[in-house]
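This report describes selected local features of a single model, covering backbone geometry, strand burial and surface charge.

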Amino acid sequence: MSENKRPKSVHWADINADKIIREKGEKELYTCASGVTPSGTVHIGNFREIISVELVARALREKGRQVRFIFSWDEYDVFRKVPKNMPDQQLLETYLRKPITIVPDTTGTYENYARANEKVLEDLLPVVGVEPEYIYQAERYRSSAYAQGIRTALEHRQEIRAMLNEHRTHPLPEGWWPVSVFSTFTDKDTTTVLDWDGAWGVTYRCEETGNVETLDLRDTSAVKLPWRVDWPMRWALEGVDFEPAGKDHHSEGGSFDTSKHVVRVFGGEPPVTFQYDFIRIKGRGGKISSSSGEVISLKDVLEIYSPEIIRYLFVSTRPNTEFAISFDLDVLKIYEDYDKCERVYYGMQEISEKKREKERRIYELSQVHGAADEMPYQVALRHLCNMLQSNSGDIDAVISSLPDVSESQIPKLRNRCECAWNWITAFAPEDFRFSLNRPEDVTIVLDDSQKAAFTALAREIEKIDEHTEKSMAEAVYAVAHDHGIEPADLFTTAYQILVGKEKGPRLAGFIMLCGKDKILPILQAVL
RNA sequence: GGGCCGUUAGCUCAGCUGGUAGAGCAGCAGACUCUUAAUCUGCGGGUCGAAGGUUCGAUCCCUUCACGGCUCACCA
């Protein structure tokens, strides 16, 4: 797409990219940053931050700029609370106050607790087109990469203290130090800093053992900066040009607000930023926070939505707007909206010129690796759900029954089938679900007139190749009429025979969909 | 107490850098005596929360107010 010929994009990712260039000036390399504390399952709310940075980074690259997208695992934080969804709660309890990288992975899969939470996400991010450069804070601290940064903080402790006190109810005391120490005796942060020698030496007391020790910043990993100092220190060190943050950080007196002052101490300047709102979950419990136990992760969402559609959800919503990820009937509509956007992109659907560019840009940004030359195969999720259920979830059978599918369209189509099936089995309303009876399972007994009617209907179904959905529907009515049966009764009986329920998919289409090979043996069982 | 964000058709919301408001659902009418929120077609004057201000002109900018939500002031 030749960028210049098109009207200026008004998409938020492009607007922010422009803003970065405007405020930071022309640079060889722009650094965009994101970060998450892996103190529990990384949930879909955390993902909003990550995808926001990805989209802005992509927009910058499309403007011909070099971009470094760094993702910080803030894994050197204290283990403060045991999330309810983790196994072996009692064992985990014993690790409270220690860095989350020393906490064991109670699922027994990875080196430690933090790593377990990280790995699950790292494996999934490429699927949705996010491939940042990971920075592991435990490793950074362990290698004393921040020794100079910590020393600088100590040298400017009074300035920093004043900046933080701006918004505090209870001011930090005169003797406050801008560091916290993990005891080398207990690994816990239950320590008190006693002194700093003006250079690299920090002396502390371990409150649990009473031991007093002096550490050298250049060869210890035990001394850490508190969040409100750590964050701006790293902005300066990495030269961060852009980093969004949640609304909790963005309030006045919040950590972004204080960090934009503290960063000056380290000789840096604050990044361009925006505030993003939280996301809610609909049709599945509601809460998203890790403490409630029920956590919705990217993995959970990927089971219901394709990668493109997950991106689409975030791309098409402005970051400062709260929105819900739905697991209820909205799923059908979301897929339809996406498909419409896709048709607009490929010029298959009329739309006002005004909206066209906007939709096109949303579609582009929603793609994991750029838009394909050929439009993906479209089949409405509702229809797919019926086809899958008629085939007992056999995805291959459904795909091969669809007309004109090209080889290259199959992977996405298969993914959509998997999502549809997951949705049907896990979240679809009861009315929506059915499974075809096996002939031997049909229990209903027909009276003579019903038998005559269904015998006639079976004859029509024999000739299924001559029917269209419409003519089949007419045939169904004709049969009802000829045998003096109310259509509504005929329908009910038909569903009882076919799916063992009073209701089902629209009958004529359903018969056409299943085909005579599936339908006739079932009918025969009651005739 | 500070900050941020909302307040647009019955409902859910779109409306990008100002030019007298649009989608979906619901509703109404019609279509094939229909069913998985059934499908198709047609139908959208709502004081754009209130009051001022800037402007030739404001839903969109500024000020004040009301209501609602979130957030910070402890830690990350």
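In this predicted model, Asp-187 is placed in the loop that connects β4 (180-181) with β5 (191-196). Its phi is positive, about 70°, although Asp-187 is not a glycine. Most residues other than glycine have a negative phi. Asp-187 is partly exposed, because its relative accessible area of 32% falls between the limits of 20% for buried and 50% for exposed.

Ser-392 also departs from glycine-free expectation in sign: its phi is positive, about 50°, and it is not a glycine. The loop between α15 (381-390) and α16 (395-401) holds Ser-392. With a relative accessibility of 64%, Ser-392 counts as exposed.

| Residue | Phi | Relative accessibility |
|---|---|---|
| Asp-187 | about 70° | 32%, partly exposed |
| Ser-392 | about 50° | 64%, exposed |

Strand β2 (residues 67-73) is mostly covered, with seven of its seven residues buried. In a regular strand the side chains alternate between the two faces of the sheet. One side of β2 carries Val-67, Phe-69, Phe-71 and Trp-73, the other Arg-68, Ile-70 and Ser-72, and all of these are buried. Strand β1 (residues 30-36) runs parallel to β2 and is joined to it by seven bridges. Within this pairing, Gly-35 has Ser-72 of β2 as its bridge partner.

On the surface, Arg-318, Lys-340, Lys-355 and Lys-358 form a patch of positive charge. Arg-318 lies in the loop between α12 (307-315) and β12 (323-326). Arg-318 counts as exposed because its relative accessibility is 55%, and exposed means over 50%.

Note on methods
Residues are numbered from 1 along each chain as its sequence is written. Chains are lettered from A and ligands numbered from 1 in the order in which they are written. This is a predicted model: local features need pLDDT of at least 70, side-chain atom pairs count only at pLDDT 80 or more; totals for chains, interfaces and linings use all residues. Side-chain values use heavy atoms; hydrogens and water are left out. Patches are made of residues with over 30% relative accessible area and no salt bridge: like charges are joined within 9 Å, nonpolar side chains (Val, Leu, Ile, Met, Phe, Trp, Tyr) within 5 Å. Accessible areas come from the Shrake-Rupley method with a 1.4 Å probe; for residues, only the protein chains shown count as cover. A salt bridge is a side-chain nitrogen of Lys or Arg within 4 Å of a carboxyl oxygen of Asp or Glu. Lys and Arg count as positive and Asp and Glu as negative; His and the chain ends are not counted. The place of a charge is taken as NZ of Lys, CZ of Arg, CG of Asp or CD of Glu. Helices (H or I, at least four residues) and strands (E, at least two) are DSSP runs, numbered from the N terminus. Buried means under 20% relative accessible area, exposed over 50%, partly exposed in between (1.4 Å probe, protein chains only). Two strands pair if DSSP finds at least two bridges between them.
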